[in-house]
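Hi everyone, thanks for coming. I'd like to walk you through one structure today, so have a look at the screen and we'll go through it together.

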Amino acid sequence: MIPIAKPFLDDNEIKAVSEVLKSGTIAQGPKVRELEEKFARLCGTKYAVAVNSGTAALHTSLHVAGIKKNDEVVTTPFTFIATANTILMQQAKPGFVDIDEEMFNIDPEKIQERINKKTKAIVTVDLYGKLCKYDKIGKIAEDNNLIVVEDACQSVDAELNGKKAGNFGNISAFSFYGTKNITSGEGGMLTTNSEEYAENAKLFRQHGRSKMTSYEYRGLGYNYRATDISAAILLEQLKKISVITKKRIENASYLSENLGKISGIKVPDVKKDGSHVFHQYTMRVLEDFKLSRDELNEHLNKKGIGTGIYYPKPLHLLPHFKKFGYKEGDFPIAEKLSNEVISLPVHPNLTKEQLDYIINAFEELE
Ligand SMILES: *Cc1c(COP(=O)(O)O)cnc(C)c1O
């Protein structure tokens with residue numbers, strides 16, 4: 001079986017973990033601080049605050065952005081559920097906006113009409129590792145006095161106009177879950193250039209507690225602390241991130257060169273400008289392809305090729321979002337693409353033989 005995702009790990013991660021285990025400091029400690037410094041350096045932001053998941057990073061971002069009950073937050077319905085669930089965690093309402101058919105990301109042209117007096121923020125998602133149209137989104141945010149939270153959970157190391165993911169919002173959130181481009185099994189990070197946001201994020205991640213050595217609390221918080229065990233793994237992952245990104249982009253190019261000619265298949269944009277780091281290699285299966293999307297999925301799985309459908313249902317059609325009044329037909333592009341998308345393995349562990357095997361599984365349908 002060729003898995004859809006596989007972490008890019010070697011003995012260096014194992015060594016780093018055993019050193020931490022032997023050190024006696026295994027929860028949040030010096031490795032977490034070192035990781036925060038190095039991660040901020042990678043992104044080119046002033047601050048990075050480590051937490052224990054991407055969900056925690058998003059929730060913390062919305063908290064420090066001041067999102068509260070009855071506020072509205074504009075976002076995309078075509079994303080992982082955590083993007084919108086964290087808006088609910090702050091008791092705010094997700095104001096969904098349809099996506100751009102070519103990019104899979106929120107369509108900036110449709111944001112303005114969704115903004116009302118209650119709207120406080122926009123949560124953008126760099127879906128599959130592709131950065132959004134931030135020039136336009138930044139302008140809309142400025143004109144309407146909105147905070148931008150960048151859900152960069154899939155786009156670590158992606159670059160646009162000389163800036164890396166982590167810089168396109170007032171705050172950005174990253175995930176280091178087991179399938180993500182760099183991973184520690186579970187983990188998350190928030191980046192910002194605002195000292196106030198960074199300080200408030202550090203309070204929120206440990207019960208509002210100002211210092212580990214004090215029992216003073218400045219407000220509600222959670223336990224979102226990262227551990228030195230996961231930080232040690234991520235410090236090793238950061239050393240090879242340029243290799244990981246390069247391999248993903250190369251694998252995507254190779255797949256697209258070979259699969260791009262098949263009629264009825266629309267391969268993703270593979271410009272090598274680094275604005276897409278291919279967390280997922282997602283293609284669209286159109287009407288004129290020989291098989292339906294689900295039949296193709298079954299065919300590939302039978303051949304031992306792992307696939308993913310990201311995501312089979314736009315969020316506005318799930319019961320706990322539907323109750324805000326959303327219904328089928330509200331976001332036709334997201335609804336259409338959820339029936340067309342299929343993701344193929346693109347991770348850096350793939351060999352040329354495995355890539356050729358995947359391509360061959362399509363060619364034999366010809
Ligand atoms: C993975 C992911 C998250 C959540 O991250 P976790 O670490 O799993 O909590 C949020 N948003 C997007 C777009 C993701 O891909």
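**A walk through the model**

Let's start with one small detail: the side chains of Q28 and R205 are joined by a polar contact of 3.5 Å. Before I go on, please keep in mind that this is a predicted model.

So where does Q28 sit? You'll find Q28 in the loop between helix 1 (11-23) and helix 2 (30-43). Is Q28 buried, partly exposed or exposed? Its relative accessible area is 26%, so Q28 counts as partly exposed. If we skip the neighbours within four places in sequence, Q28 is in contact with R205, Q206, R225, A226, T227 and D228. And here's a distance to try on your own screen: Q28 and L203 are 175 residues apart along the chain, and their C-alpha atoms are separated by 14 Å.

Now let's zoom out. The domain assignment splits the chain into domain 1 (11-239) and domain 2 (241-363). How far apart are the centres of domain 1 and domain 2? Taken over C-alpha atoms, the centres are separated by 24 Å. On the contact itself, domain 1 brings 42 residues and domain 2 brings 35 residues.

If you haven't met this idea before, the size of an interface is often given as the accessible area lost when the parts come together. Here, domain 1 and domain 2 bury about 3,300 Å² between them, and 62% of that is on carbon and sulfur atoms. Which residues of domain 1 lose the most area to domain 2? Those are E101, Y128 and N181, and together they make up 21% of what that side buries.

What about polar contacts across the interface? With both residues at pLDDT 80 or more, the rule finds 25 residue pairs in polar contact between domain 1 and domain 2. On the domain 1 side, helix 4 (81-89), strand 3 (93-96), strand 6 (159-160) and helix 7 (228-239) each supply at least two of the residues that touch domain 2. Sorted by type, the residues on that side of domain 1 are 21 nonpolar, 10 polar and 11 charged.

Since strand 6 just came up, let me point out L160, which is found there. Apart from neighbours within four places in sequence, L160 is in contact with L131, C132, Y134, F168 and S275. For another distance, take L160 and D107: they are 53 residues apart in sequence, and 17 Å apart in space from C-alpha to C-alpha.

Okay, salt bridges. How many salt bridges are there by this rule? The count comes to 26. Between domain 1 and domain 2 the count is four. As an example to look up, the side chains of E102 and K266 meet in a salt bridge, at 3.2 Å from N to O.

Next, try K133 and D100, which form a salt bridge with their closest N and O atoms 2.7 Å apart. This pair links distant parts of the chain, 33 residues apart: K133 is in the loop between strand 4 (119-125) and helix 5 (134-144), and D100 is in the loop between strand 3 and strand 4. The partners' surroundings are worth a look too. K133 has 35% relative accessibility, so it counts as partly exposed, whereas D100, at 10%, counts as buried.

D157 and K164 form another salt bridge, and the closest N and O atoms there are 2.5 Å apart. Is D157 buried or exposed? With a relative accessible area of 9%, D157 is buried.

One more pair, and this one is in a helix. The side chains of E250 and K246 meet in a salt bridge, 3.3 Å from N to O. How are these two placed along helix 8 (residues 241-259)? They are four residues apart, so about one helical turn separates E250 and K246. E250 has a relative accessible area of 41% and is partly exposed, while K246 is at 53% and counts as exposed. There's a network as well: salt bridges that share partners join E101, R284, K336 and E340.

Let's stay in helix 8 for the last stop, because S253 lies there too. With a relative accessible area of 7%, S253 is buried. Not counting residues up to four places away in sequence, S253 touches V270 and K272.

That's my tour, thanks for listening!

Methods:
Residues are numbered from 1 along each chain as its sequence is written. This is a predicted model: local features need pLDDT of at least 70, side-chain atom pairs count only at pLDDT 80 or more; totals for chains, interfaces and linings use all residues. Side-chain values use heavy atoms; hydrogens and water are left out. Domain bounds come from an automatic or database domain assignment. Contact means heavy atoms within 4.5 Å. Buried area is the accessible area (1.4 Å probe) that two parts lose on being put together, summed over both. A polar contact is a pair of N or O atoms within 3.5 Å; within protein, one must be able to donate a hydrogen and the other to accept it, and residues adjacent in sequence count only if both atoms are side-chain atoms. Ala, Val, Leu, Ile, Met, Phe, Trp, Tyr, Cys and Pro count as nonpolar, Asp, Glu, Lys and Arg as charged, and the others, Gly among them, as polar. Buried means under 20% relative accessible area, exposed over 50%, partly exposed in between (1.4 Å probe, protein chains only).
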